[in-house]
Amino acid sequence: MKLVTFSFRTPAGKHIRMGMLANNRIIDLNMGYVSLLSGSRKTGRAYEIAAGLLPPDMLEFLKGGQLSRDAADETAGYVGKHLAGGQDITGPQGEQVVFSPDQVTLHAPVPKPHLVRDTMSFEGHMKNFEKITGKPSPPVWYQRPSYYKGNPGNVIGPDEPVVWPPFTNKLDYELEFGIYIGKQGRDIPADKAHEYIAGYTIFNDISARDVLTEDVSTFLGPGKGKDMATGYIMGPCMVTADELDVSDIKMEARINGEVWSSARTSDMFWRFPQIIEWISQSETLYPGDFIGSGTPMNGCGDEMDRWIKPGDTIELEVEGIGILRNTVIKP
């Protein structure tokens with residue numbers, strides 16, 4: 001299932017909803033469930049029950065766990081059956097359930113994750129920076145996954161502009177994908193970690209390289225090298241974990257249509273089960289937490305001394321998920 005957060009305009013203003021991509025349509029899952037419950041004639045409280053079990057907010061949906069997922073699956077089947085039969089489907093008061101892509105705007109699947117963590121999980125990326133810096137990779141990198149925490153308020157989605165910060169002369173993209181945590185847990189063993197992954201999305205971890213180099217020299221973290229209002233780009237959808245095997249899929253970055261980066265997820269040294277096991281030691285993971293994969297070898301401009309500029313369009317594509325597209329602007 002490809003889950004999305006989308007918005008559409010109404011006379012009362014913009015509505016932001018959670019839905020599903022299917023056959024080039026966007027299905028409002030909450031309203032689809034209202035229609036299903038109302039049509040069953042088993043309840044007079046379809047809106048209230050749907051709001052609790054299949055809410056229109058992605059983060060609240062994730063908190064609903066398996067009960068909410070079961071309701072989403074039931075709704076997908078119900079709406080799909082109607083569409084296959086050429087039948088129109090609306091809510092009890094004529095509300096729209098099915099949208100075409102040109103009627104909506106897609107946002108990050110979880111517009112404001114509970115927490116953002118990004119890792120450094122590809123050995124090839126580390127090896128390239130050994131060459132750039134002339135310094136060997138720290139031995140601890142091979143002993144446990146490395147990660148930092150970022151600001152969830154800096155998350156944007158597909159087709160939103162990447163605003164060039166005034167404090168950097170070297171803005172860079174990073175080709176990544178990542179996971180959303182689907183249920184709360186602590187001290188999670190690697191062999192149970194798959195139970196906590198709700199799904200996968202594409203991630204562009206924008207970096208101010210000149211500032212980042214200065215930040216890390218203070219031994220305190222990336223700082224403004226990563227902290228910028230449009231620095232964490234996610235989307236276009238979240239593919240549920242039961243529908244995507246990420247052990248060996250293609251990743252590609254294109255700048256203005258030209259391929260700059262190409263990799264495979266099988267190149268990861270640290271896999272998500274190991275990452276979850278380490279991060280969750282004596283720390284609770286919550287539904288809506290996001291964890292990035294880190295950048296593969298040659299997955300960013302810095303490794304190749306190739307630099308994006310204002311006006312460039314960045315496309316990140318991960319097999320089975322889709323294309324995450326954004327354009328760089330400079331105010």
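**Pockets, a buried serine and aromatic pairs**

Among the elements bordering the second largest pocket, α4 makes the greatest contribution to the lining, with three residues. The model examined here is a predicted one. The second largest pocket holds about 380 Å³ of space, and 16 residues line it, with G65, Q66, R69, I197 and A198 lying nearest its centre. Two or more lining residues come from each of α3 (58–63), α4 (65–84), β13 (197–205) and β15 (232–240). Sorted by class, this lining comprises eight nonpolar, four polar and four charged residues.

The largest pocket comes next. Its volume is about 1,200 Å³, and its lining is made up of 35 residues. Those nearest the centre of the largest pocket are M120, M126, F129, L212 and V216. The elements that supply two or more residues to this lining are β6 (116–119), α5 (123–133), β7 (147–150) and α6 (209–216). Of these, α5 gives the most, with six residues. In terms of class, the lining of the largest pocket has 15 nonpolar residues, alongside 10 polar and 10 charged ones.

What surrounds S121? This serine sits in the loop that runs between β6 and α5. Its relative accessibility is 1%, and because buried means under 20%, S121 counts as buried. The side chain of S121 is joined to that of T119 by a polar contact of 2.7 Å. Setting aside neighbours within four places in sequence, S121 is in contact with W141, M268, F269, W270, I275, S293 and G294. Three of these contact partners, W141, F269 and W270, belong together with Y142 to one aromatic cluster.

Aromatic rings also pair elsewhere, and the structure holds 13 aromatic pairs. One of them is formed by F8 and F99, whose ring centres lie 4.8 Å apart with planes at 40 degrees, so the pair is tilted. Which parts of the chain does this pair tie together? F8 belongs to strand β1 (residues 2–10) and F99 to strand β4 (residues 98–99), so the pair links parts that are 91 residues apart in sequence. Both partners are withdrawn from the surface by the accessibility criterion: F8 is buried, with a relative accessible area of 17%, and F99 counts as buried at 2% relative accessibility.

Conventions
Residues are numbered from 1 along each chain as its sequence is written. This is a predicted model: local features need pLDDT of at least 70, side-chain atom pairs count only at pLDDT 80 or more; totals for chains, interfaces and linings use all residues. Side-chain values use heavy atoms; hydrogens and water are left out. On a 1 Å grid over the protein atoms alone, a cavity is a set of points where a 1.4 Å probe fits but cannot get out, and a pocket is an open set with protein on both sides within 12 Å along at least five of seven lines; lining residues have an atom within 4 Å of a point. Grid points are joined across faces, edges and corners, and a volume is the space filled by probe spheres set on the points. Helices (H or I, at least four residues) and strands (E, at least two) are DSSP runs, numbered from the N terminus. Ala, Val, Leu, Ile, Met, Phe, Trp, Tyr, Cys and Pro count as nonpolar, Asp, Glu, Lys and Arg as charged, and the others, Gly among them, as polar. Buried means under 20% relative accessible area, exposed over 50%, partly exposed in between (1.4 Å probe, protein chains only). A polar contact is a pair of N or O atoms within 3.5 Å; within protein, one must be able to donate a hydrogen and the other to accept it, and residues adjacent in sequence count only if both atoms are side-chain atoms. Contact means heavy atoms within 4.5 Å. Rings of Phe, Tyr and Trp (its six-membered ring) pair if their centres lie within 6.5 Å; planes under 30 degrees apart count as stacked, over 60 as edge-to-face and the rest as tilted.
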